[in-house]
Amino acid sequence: QVQLVESGGGLVQPGDSLRLSCAASGFTLDYYAIGWFRQAPGKEREGISCINNRDNSTYYRDSVKGRFTISRDATKNTAYLQMNSLKPEDTAVYYCATDPSYQCSWYRSPGYWGQGTQVTVNS
């Protein structure tokens with residue numbers, strides 16, 4: 001039973017920070033690359049960050065680079081997305097995702113998804 005559950009979203013003001021969590025069950029998250037994606041109103045879903053399962057290399061979309069940090073904690077079977085200096089354009093539903101063959105590709109959609117957590121940045 002594979003499950004991913006995102007949490008940590010909420011309503012914040014510009015410049016605020018949030019930390020999103022992605023709790024995995026039914027598999028060992030540390031064996032998988034983990035991607036964070038978001039879908040903003042009126043926009044297509046986009047990958048924003050990924051952490052590799054080989055050497056924990058990280059990748060970021062330019063729009064979030066320097067503001068967001070992806071990490072994982074094997075002891076908690078959880079991945080995180082620390083989001084600082086949030087902007088209104090960061091408003092979106094945020095998802096974590098993976099599958100056994102996912103390798104942090106910007107050009108494919110993983111098969112395992114969480115339910116998403118809403119992040120709203122609005123003054």
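This briefing describes a four-stranded sheet, a cavity, and several loop residues in one structure.

The model is a predicted one. Its open sheet consists of four strands in the order β1-β3-β8-β7, and the pairing is antiparallel. The edge positions are taken by β1 (3-7) and β7 (68-73), each of which pairs on one side only, and from one strand to the next the twist averages 15 degrees.

**Pairing within the sheet**

- The edge strand β1 runs antiparallel to β3, and five bridges join these two strands; within this pair, S7 stands opposite S21 in β3.
- Strand β3 (residues 18-25) is joined in turn to strand β8 (residues 78-83) by six bridges, again with the two strands running antiparallel; here L20 stands opposite L81 in β8.
- Six bridges also join β7 to β8, which run antiparallel, and D73 is the residue that stands opposite T78 in β8.
- The strands β7 and β8 form a hairpin that has four residues between them.

**Side chains along the two edge strands**

- Along β1 the side chains alternate, with L4 and E6 pointing to one face, where they are buried, and with Q3, V5 and S7 pointing to the other face, where they are not buried.
- An alternation is also found along β7, where F68, I70 and R72 point to one face and are buried, whereas T69, S71 and D73 point to the other and are not.
- The buried set thus includes a glutamate, E6, in β1 and an arginine, R72, in β7.

**The turn between β7 and β8, and the cavity**

- N77 lies in the loop between β7 and β8, and its phi is near 55 degrees, a positive value in a residue other than glycine.
- As background to that value, most residues other than glycine have a negative phi.
- N77 counts as buried because its relative accessible area is 18%, which falls under the 20% limit for a buried residue.
- The structure holds one cavity of 30 Å³ or more, and the volume of the largest cavity is about 30 Å³.
- The lining of the largest cavity is made up of L29, D30, R72, D73, A74, N77 and T78, so that N77 of the turn, as well as R72 and D73, which belong to the alternating series of β7, is found in this lining.
- Sorted by class, the residues lining the largest cavity are two nonpolar, two polar and three charged.

**The loop between β6 and β7**

- D62 has its place in the loop between β6 and β7, and it counts as exposed because its relative accessibility is 63%.
- The side chains of D62 and K65 are joined by a polar contact of 3.1 Å.
- D62 and L81 are 19 residues apart in sequence, and their C-alpha atoms are 15 Å apart in space; L81 is the residue of β8 that L20 stands opposite.
- R67 is likewise found in the loop between β6 and β7, but R67 counts as buried because its relative accessibility is 10%.
- The side chain of R67 reaches the backbone oxygen of S85 at 3.0 Å.

**Residues in other loops**

- S85, whose backbone oxygen is reached by R67, lies in the loop between β8 and β9.
- Although S85 is not a glycine, it has a positive phi of about 50 degrees, and S85 counts as partly exposed because its relative accessibility is 42%.
- N52 is found in the loop between β5 (46-51) and β6 (58-60), where it counts as buried because its relative accessibility is 9%.
- The side chain of N52 reaches the backbone nitrogen of R54 at a distance of 2.5 Å.
- Q103 has its place in the loop between β9 (92-98) and β10 (112-113), and it is partly exposed, with a relative accessible area of 46%.
- Q103 and R72 are 31 residues apart along the chain, and their C-alpha atoms are separated by 15 Å; R72 is one of the buried residues of β7 and is also among those that line the largest cavity.

Note on methods. Residues are numbered from 1 along each chain as its sequence is written. This is a predicted model: local features need pLDDT of at least 70, side-chain atom pairs count only at pLDDT 80 or more; totals for chains, interfaces and linings use all residues. Side-chain values use heavy atoms; hydrogens and water are left out. Two strands pair if DSSP finds at least two bridges between them. Axes are lines fitted to C-alpha atoms, for helices over the stretch in contact, and angles run from 0 to 180 degrees between N-to-C directions. On a 1 Å grid over the protein atoms alone, a cavity is a set of points where a 1.4 Å probe fits but cannot get out, and a pocket is an open set with protein on both sides within 12 Å along at least five of seven lines; lining residues have an atom within 4 Å of a point. Grid points are joined across faces, edges and corners, and a volume is the space filled by probe spheres set on the points. Ala, Val, Leu, Ile, Met, Phe, Trp, Tyr, Cys and Pro count as nonpolar, Asp, Glu, Lys and Arg as charged, and the others, Gly among them, as polar. Buried means under 20% relative accessible area, exposed over 50%, partly exposed in between (1.4 Å probe, protein chains only). A polar contact is a pair of N or O atoms within 3.5 Å; within protein, one must be able to donate a hydrogen and the other to accept it, and residues adjacent in sequence count only if both atoms are side-chain atoms.
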